[in-house]
Amino acid sequence: MEIQNASNQSLFDLKIDETSKDHILKTSLWAMVIVVTSVVGYILRVIRYTTHKNDLPQAYERLGLKAPPSDGSTLASMIIQILIGGLVIFFLYQFASSSKKGVLNMNQSELNRGFNSLKTYFLIIGVLIILAFVFALFGILAAGVGNQA
């Protein structure tokens, strides 16, 4: 019991030195750069979709390919990608803003909120990567089965 109390006490007495503050501030700055570039990318994607959606069938015809996917499916996939990306970027934004506020104002709860958002960000990214690997594996297996038939 004493060991547990001693370890908890040392965790709560944790201090952040100037080097750590600088690293956290730089990390939050880069996180905010990622957030801004992602949002700009999503906006450009929507603009490109709305201005070039009629060009896709003509491009397919020039290449001699079948008709492109319907407009609804490309719109739905874009919306799903933006929603998932927006969710992920939201947690990165929460980390960037909360950790910066926590360090500058010496507010431990704000810093904790920022790191909790970063934990959630990496959790979501990890799940998405695992799902991508599973879908890729299924695609490889389906291609292998398709070639045997």
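Analyst: Two residues are in contact when they have heavy atoms within 4.5 Å. Keep in mind that this model is predicted.

User: Among contacts between residues at least 6 apart in sequence, what percentage join residues at least 24 apart?
Analyst: Start with contacts whose residues are at least 6 apart in sequence. Then keep those whose partners are at least 24 apart; their share is 66%.

User: Which pattern does the protein follow along its sequence?
Analyst: Let's look at the building blocks: the protein has 5 helices and 0 strands. Reading along the sequence then gives α-α-α-α-α.

User: How many residues does the protein have, and what percentage of them are buried?
Analyst: A residue is buried when its relative accessible area is under 20%. Among the 149 residues of the protein, the buried share is 19%.

User: Which helix gives the most to the largest nonpolar core?
Analyst: The largest nonpolar core has 11 residues, among them Ala31, Val88, Phe91 and Tyr121. Helices H2 (18–52), H4 and H5 each supply at least two residues of this core. With 6 residues, the most comes from H4.

User: Why might nonpolar side chains gather in a core?
Analyst: There is a general tendency to lean on here. In soluble globular proteins, nonpolar side chains tend to be buried together.

User: Which residues does Ile89 contact, leaving aside neighbours within four places in sequence?
Analyst: Ile89 is itself a member of the largest nonpolar core. With neighbours within four places set aside, its contacts are Ile34, Val35, Ser38 and Tyr42.

User: How far apart are the end C-alpha atoms of H5, and what span should its 41 residues have?
Analyst: At 1.5 Å a residue, the expected span for the 41 residues of H5 is 60 Å. The end C-alpha atoms agree with this, because their separation is also 60 Å.

User: Which residues of H5 are buried?
Analyst: Two members of the largest nonpolar core, Leu118 and Tyr121, are a good place to start. In H5, the buried residues are Glu110, Leu111, Gly114, Ser117, Leu118, Tyr121 and Ile124.

User: Is Ser117 buried or exposed, and which residues does Ser117 touch?
Analyst: Ser117 sits in helix H5. Its relative accessibility is 7%, so Ser117 is buried. Not counting residues up to four places away in sequence, Ser117 touches Phe91, Gln94 and Phe95.

User: Which helix supplies the largest share of the nonpolar surface patch?
Analyst: The patch covers about 1100 Å² and includes Ile80, Leu123, Phe135 and Leu141. Helix H4 (71–104) and helix H5 (108–148) each supply at least two of its residues. The largest share, 10 residues, comes from H5.

User: Is Leu123 buried or exposed?
Analyst: Leu123 belongs to the nonpolar patch and lies in helix H5. The cut-off for exposed is over 50% relative accessible area. Leu123 has 58% relative accessibility, so Leu123 is exposed.

User: How many salt bridges are found in the whole structure?
Analyst: One of them joins the side chains of Lys21 and Glu18 at 3.4 Å, N to O. Another joins Asp22 and Lys26, and a further pair is Arg113 with Glu110. A search of the whole structure gives a count of 3.

User: How far along helix H2 are Lys21 and Glu18 from each other?
Analyst: Lys21 is buried at 16%, whereas Glu18 is exposed at 59%. They are 3 residues apart in helix H2, so their separation is about one helical turn.

User: In the pair Arg113 and Glu110, what is the distance between the closest N and O atoms?
Analyst: Both residues are in helix H5, 3 residues apart, or about one helical turn. Arg113 is partly exposed at 43%, while Glu110 is buried at 13%. The closest N and O atoms of this salt bridge are separated by 2.7 Å.

User: How far apart in space are Gly102 and Arg113?
Analyst: Gly102 is found in helix H4, and at 4% relative accessibility it is buried. Beyond its neighbours within four places, Gly102 contacts Asn107, Glu110 and Leu111. Gly102 and Arg113 are 11 residues apart in sequence, and their C-alpha to C-alpha distance is 8.7 Å.

User: What is phi of Met106 near?
Analyst: Met106 lies in the loop between H4 and H5, and it is exposed at 56%. Its phi has a positive value in a residue other than glycine, near 50°.

Key:
Residues are numbered from 1 along each chain as its sequence is written. This is a predicted model: local features need pLDDT of at least 70, side-chain atom pairs count only at pLDDT 80 or more; totals for chains, interfaces and linings use all residues. Side-chain values use heavy atoms; hydrogens and water are left out. Patches are made of residues with over 30% relative accessible area and no salt bridge: like charges are joined within 9 Å, nonpolar side chains (Val, Leu, Ile, Met, Phe, Trp, Tyr) within 5 Å. Accessible areas come from the Shrake-Rupley method with a 1.4 Å probe; for residues, only the protein chains shown count as cover. A salt bridge is a side-chain nitrogen of Lys or Arg within 4 Å of a carboxyl oxygen of Asp or Glu. Helices (H or I, at least four residues) and strands (E, at least two) are DSSP runs, numbered from the N terminus. Buried means under 20% relative accessible area, exposed over 50%, partly exposed in between (1.4 Å probe, protein chains only). A nonpolar core is a set of buried Ala, Val, Leu, Ile, Met, Phe, Trp, Tyr and Cys residues joined through side-chain atoms within 4.5 Å. The expected span of a helix is 1.5 Å times one less than its number of residues.
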